[in-house]
Amino acid sequence: MVVILAGVPGAGKTTVMKKVMERKEVNFITYGTVMLEIAKEMGIRDRDEMRKLPIEKQRKLQELTAEKVSKMGDVVVDTHCTIKTPSGYLPGFPYHILKKLNPRLIILIEADANEITERRAKDKDIRRRDEESIYDIEEHQLMNRIAAMNYAVLVSATVKIVKNNDGMAEKAAEEIIKVL
């Protein structure tokens, strides 16, 4: 079974999943890492460069990644429901990609937009990100909710929204363990 774990950058997906894996054996992968491995074979250096590729190249990378992930069996996939690009929001899972993965559960990790801004500021030396306002982050989280429900309708999955506000990673992990 494939489970999609999604959220905007800084929502705490990786942090929460580390807490989950301390208590439960889970095959956990990051979609973007698999995608970057494939992109590096095409000469792309990092995730931020990959995110700014023309949409056609991003779509091809999504497809190659879905093919690889679909062969991994039971897995929780850390990813994004939507990717904010210079030309607008790119669905993380167009139908042909979603169909290949066929997730049974979509988990959205969310946090307060102010907290996300602070988290992003802490890792500014290791990641190059476009500046986003509180409004932009809130909009992106809303777009993720809309996308997640649309994906769920297409593959008969459920959507679980998990809050990961500061100091609440353990509680968020408990919620995820319950639904897994």
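A residue counts as exposed when its relative accessible area is over 50%, and as buried when this area is under 20%. The exercises below apply to a predicted model.

**Exercise 1.** Decide whether G167 is buried or exposed, and place this residue in the chain.

*Solution.* Begin with the relative accessibility of G167, which is 78%. Because this value lies over the 50% cut-off, G167 counts as exposed. Next, turning to the secondary structure, G167 is found in the loop between strand 7 (158–163) and helix 8 (169–179). Finally, the C-alpha atom of G167 is separated by 37 Å from that of L64, a residue 103 positions away along the chain.

**Exercise 2.** Classify R119 as buried or exposed, and list its contacts outside the local sequence.

*Solution.* R119 is found in helix 6, which covers residues 113–122. Its relative accessibility is 18%, so R119 counts as buried. Leaving aside neighbours within four places in sequence, the contacts of R119 are G10, A11, G12, A111, N164, N165 and D166.

**Exercise 3.** Which residues of the largest nonpolar core touch the most other members, and which helix supplies the largest share of this core?

*Solution.* The largest nonpolar core holds 31 residues, of which Y31, M50, V69, F93 and L101 touch the most other members. Among the elements that each supply at least two residues of this core are strand 1 (2–6), helix 4 (55–69) and helix 7 (134–155), while the largest share, six residues, comes from helix 2. Taking L101 as a worked case, and not counting residues up to four places away in sequence, one finds that L101 touches V2, Y31, A66, V69, S70 and F93. A second, separate core has 22 residues, including V8, L105, A173 and I176.

Terms used. Residues numbered from 1 in each chain as written. Predicted model: local features only at pLDDT ≥ 70, side-chain atom pairs only at ≥ 80, totals over all residues. Heavy atoms only, no water. Core = buried A, V, L, I, M, F, W, Y, C linked by side-chain atoms within 4.5 Å. Buried < 20%, exposed > 50% of the residue type's maximum accessible area, 1.4 Å probe, protein only. Helix = DSSP H or I, 4+ residues; strand = E, 2+ residues; numbered from the N terminus. Contact = heavy atoms within 4.5 Å.
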